[in-house]
Amino acid sequence: MAWPWQARVLALCSVAAGIGDGIDSPCMRDLTSSVQPWTMCWPLEKFGGCGANVGIPAVVPGTVLVSMLGHNFSEVGDPYVSRNLWKIPDIHQVGRDFYTVRYRTTLPRPQGGCARSNRTLLLRGINYKASVFLDGRQVASTVGMFSRVHVPVPSDAAQLEVLIEPPFHPGVNTTKNCGWKYCGQGGDHSLAMDGPVEQFSLGWDWVQATPDRNTGLWDRVQLIDHDGPLLKDVFVRTR
């Protein structure tokens, strides 16, 4: 026998799966870089631009810096060894444009009997400001680190691009209080002006500052094929 709250959850799951109404269950596909090729490029020409066939392999999910290090950026070696992390340009030194990038990939066609009447792109986590493009047309935008973005995808859409910018107030990871040296405890704390973000990416007593402030597609990107409305972000309250 199911408790009342269990029955409600089962009912919600039934709606999501389309059970009993002749609608096939949704198909969800992870667009991770381990199975789906991604590239990353810099919009500004002085950093290489984003022309055709321009860019480096990107790690998704992952930050801009993770992809840069995977491409042997600056030949700094392992950032976890010695003081290698200090050799990477910090955003307060080079500016936000240095870590502003476009992620690009080609959306796969439905496979294995997953053709449905609707497609939805789910971006589970972006840091910080993002504009989403399908075949060159902007279809969505978001600001913040913990917002999920759902984007309806036309059946004939092929090219996905996500322009991502770092936090507006990335802060300075060196302060007069520690002799203008690389220091923890949140640097100058300016990052707090951007609301709910990882404050420790500006440094703390247990970690050095992250040069790109964890900018990027830090959570999964998923493509959902479904019939009818898509039930999303369900919240169940028990009594």
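Let me begin with a term: a residue is called exposed when its relative accessible area is over 50%, and buried when that value is under 20%. With that in hand, please look at Ser 82 in this structure, which, I should say at once, is a predicted model. Ser 82 reaches 71% relative accessibility and therefore counts as exposed. Its place is in the loop that runs between H2 and helix H3, the latter spanning 91–94, and its backbone has a positive phi of about 50°, although Ser 82 is not a glycine.

A second residue with a positive phi is Asn 214, again not a glycine, where the angle is near 60°. Asn 214 sits in the loop between S10 and S11. Is Asn 214 buried or exposed? With a relative accessible area of 13%, Asn 214 is buried, because the limit for that word is under 20%.

Staying in that loop, which joins strand S10 (159–165) to strand S11 (216–217), we also find Trp 206. Trp 206 has a relative accessible area of 56% and so is exposed. Together with Phe 200 and Trp 204, Trp 206 makes a nonpolar surface patch of about 320 Å².

Let me now turn to helix H2, which covers residues 64–70 and holds Ser 67. Here the relative accessible area is 1%, so Ser 67 is buried. Which residues does Ser 67 contact, once its neighbours within four places in sequence are set aside? They are Met 40, Ile 56, Pro 57, Ala 58 and Val 59. Two of these positions, 56 and 57, are the residues given for strand S3, and the loop that leads from S3 to strand S4 (62–63) contains Pro 61.

Pro 61 brings me to the peptide bonds. The bond from Val 60 to Pro 61 is cis, with an omega near 0°. There is also a cis peptide bond from Asn 127 to Tyr 128, this time with omega near 15°, and Tyr 128 belongs to the loop between strand S6, residues 118–123, and strand S7, residues 129–134.

To draw the backbone points together as you turn the model: the positive phi values to look at are those of Ser 82, at about 50°, and Asn 214, near 60°, while the cis bonds to look at are Val 60 to Pro 61 and Asn 127 to Tyr 128.

Key
Residues numbered from 1 in each chain as written. Predicted model: local features only at pLDDT ≥ 70, side-chain atom pairs only at ≥ 80, totals over all residues. Heavy atoms only, no water. Patch = residues over 30% accessible without salt bridge, like charges linked within 9 Å, V, L, I, M, F, W, Y side chains within 5 Å. Areas by Shrake-Rupley, 256 points an atom, 1.4 Å probe, with all protein chains shown as cover. Salt bridge = Lys/Arg side-chain N within 4 Å of Asp/Glu carboxyl O. Helix = DSSP H or I, 4+ residues; strand = E, 2+ residues; numbered from the N terminus. Buried < 20%, exposed > 50% of the residue type's maximum accessible area, 1.4 Å probe, protein only. Contact = heavy atoms within 4.5 Å.
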